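Colleague: I'd like to learn how to read a ligand site and a salt bridge in a model. Can you walk me through this one?

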Amino acid sequence: MRTRRIGGTQVSAIGLGGMPMSIEGRPDEQRSITTIHAALDAGITLIDTADAYHLTAHDVGHNESLIARALASYAGDTSNVLVATKGGHLRPGDGSWTVNGSPEYLKKACEASLKRLGVDAIGLYQFHRPDPRVPYAESVGAIRDLLDAGKIRLAGISNATRDEILLANQILDGRLASVQNQFSPAFRSSERELELCAELDVAFLPWSPLGGISQAGELGSRFRVFAEVARAHEVSPQRACLAWMLAKAPVVIPIPGSTRPETIRDSAAAVDLDLSAGELAKLDAA
Ligand SMILES: NC(=O)c1ccc[n+]([C@@H]2O[C@H](COP(=O)([O-])OP(=O)(O)OC[C@H]3O[C@@H](n4cnc5c(N)ncnc54)[C@H](OP(=O)(O)O)[C@@H]3O)[C@@H](O)[C@H]2O)c1
């Protein structure tokens, strides 16, 4: 498996997104565990999760606990797996998503994630989404405190603008390791944030890279050029999409979600798909 870097840590160039295994439509636990094990078998060493990936108010952190159980029951070596979680986004249990970026809350949320993941320090902790009621510098200040205290090994942010990326990197004294923003063929408005990450040598993790849980299967019919390029290489449109993203910059590490071994194996193989300059230009323009 080809690797890329988050801070000083090498991870697989494609990660596994955990969200579909814990929110609406989630599969049974055994299928999720089998999917996570298939990802590890394929050489994936980055798993993205969040405390907010759950359904009801009674199963907060469902996805973190699931990933901890999957790692514990894996027969192989998991010492090089980086689990990236997030805090600051909440699901009260009625289907809605809310935010809380107060430093006190973020520190409490991090402690709860540490317990669920069963680790002394979280591999990568990301501030999930800006809270309009809290100055951004204060929220990121809490992430810096967690880093300084050794509670987290790497610090990241998510759903951030260029200004927020620059501010976060300043507050973290140049230690911003990753930015996780939405980026897919259908949603390209973070292209400038991606470029900034490439300039700063900060990892850029596209979320919903295939268009999101309900749209991912239709990527080829919604974006014909992706289907055409995929056909020429005898691969799926989803694999072609991930290869296109990887080619954008060496800092890009897509995190496709999955609930089936077949889909994560197919996505992991994108690291070996090289697209020509002509194909990449066609996909950029699609
Ligand atoms: N930071 C944020 O605010 C934020 C927001 C949303 C998501 N995220 C993160 O980003 C991750 C990815 O986003 P997402 O899960 O919303 O959407 P996504 O990755 O665009 O789509 C997920 C769906 O893609 C399907 N899929 C994956 N690989 C495939 C392949 N090779 N061929 C065909 N279908 C394939 C999966 O189907 P099956 O279920 O059939 O396997 C899965 O349900 C999440 O899991 C989460 O970790 C972060």
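Modeller: Sure. Start with residue classes: Ala, Val, Leu, Ile, Met, Phe, Trp, Tyr, Cys and Pro count as nonpolar, Asp, Glu, Lys and Arg as charged, and the others, Gly among them, as polar. Keep in mind that this is a predicted model.

Colleague: How many residues of each class are in the shell around the ligand?

Modeller: The shell holds 15 polar, 10 nonpolar and 4 charged residues. Out of the 29 residues around the ligand, the nearest are D48, G257, T259, R260 and T263. Helix α10 (residues 261-268) supplies the largest share of that shell, with 3 residues.

Colleague: And which polar contacts should I look at?

Modeller: Look for N or O atoms paired within 3.5 Å. The side chain of D48 has an N or O atom 2.7 Å from an oxygen atom of the ligand. Y53 places a polar side-chain atom 3.3 Å from a ligand nitrogen atom. With P209 the backbone takes part: one of its N or O atoms is 3.4 Å from a ligand oxygen atom.

Colleague: How much of the ligand's accessible area does the protein cover?

Modeller: On its own the ligand has 910 Å² of accessible area, and the protein covers 91% of that. As for where the ligand sits, that's the largest pocket.

Colleague: Now salt bridges. What's the rule?

Modeller: You want a side-chain nitrogen of Lys or Arg within 4 Å of a carboxyl oxygen of Asp or Glu. That rule gives 18 salt bridges here. One of them joins the side chains of R5 and D201, at 2.7 Å from N to O.

Colleague: Why does that pair tie together parts far along the sequence?

Modeller: R5 is in strand β1 (residues 3-6), while D201 is in the loop between α6 (191-200) and β11 (203-207), so the pair links parts 196 residues apart in sequence.

How values were computed:
Residues are numbered from 1 along each chain as its sequence is written. This is a predicted model: local features need pLDDT of at least 70, side-chain atom pairs count only at pLDDT 80 or more; totals for chains, interfaces and linings use all residues. Side-chain values use heavy atoms; hydrogens and water are left out. A residue is near a molecule or strand if one of its heavy atoms lies within 4 Å of it. A polar contact is a pair of N or O atoms within 3.5 Å; within protein, one must be able to donate a hydrogen and the other to accept it, and residues adjacent in sequence count only if both atoms are side-chain atoms. Accessible areas come from the Shrake-Rupley method with a 1.4 Å probe; for residues, only the protein chains shown count as cover. On a 1 Å grid over the protein atoms alone, a cavity is a set of points where a 1.4 Å probe fits but cannot get out, and a pocket is an open set with protein on both sides within 12 Å along at least five of seven lines; lining residues have an atom within 4 Å of a point. A molecule sits in a cavity or pocket if more than half of its atoms lie within 2 Å of its grid points. Helices (H or I, at least four residues) and strands (E, at least two) are DSSP runs, numbered from the N terminus.
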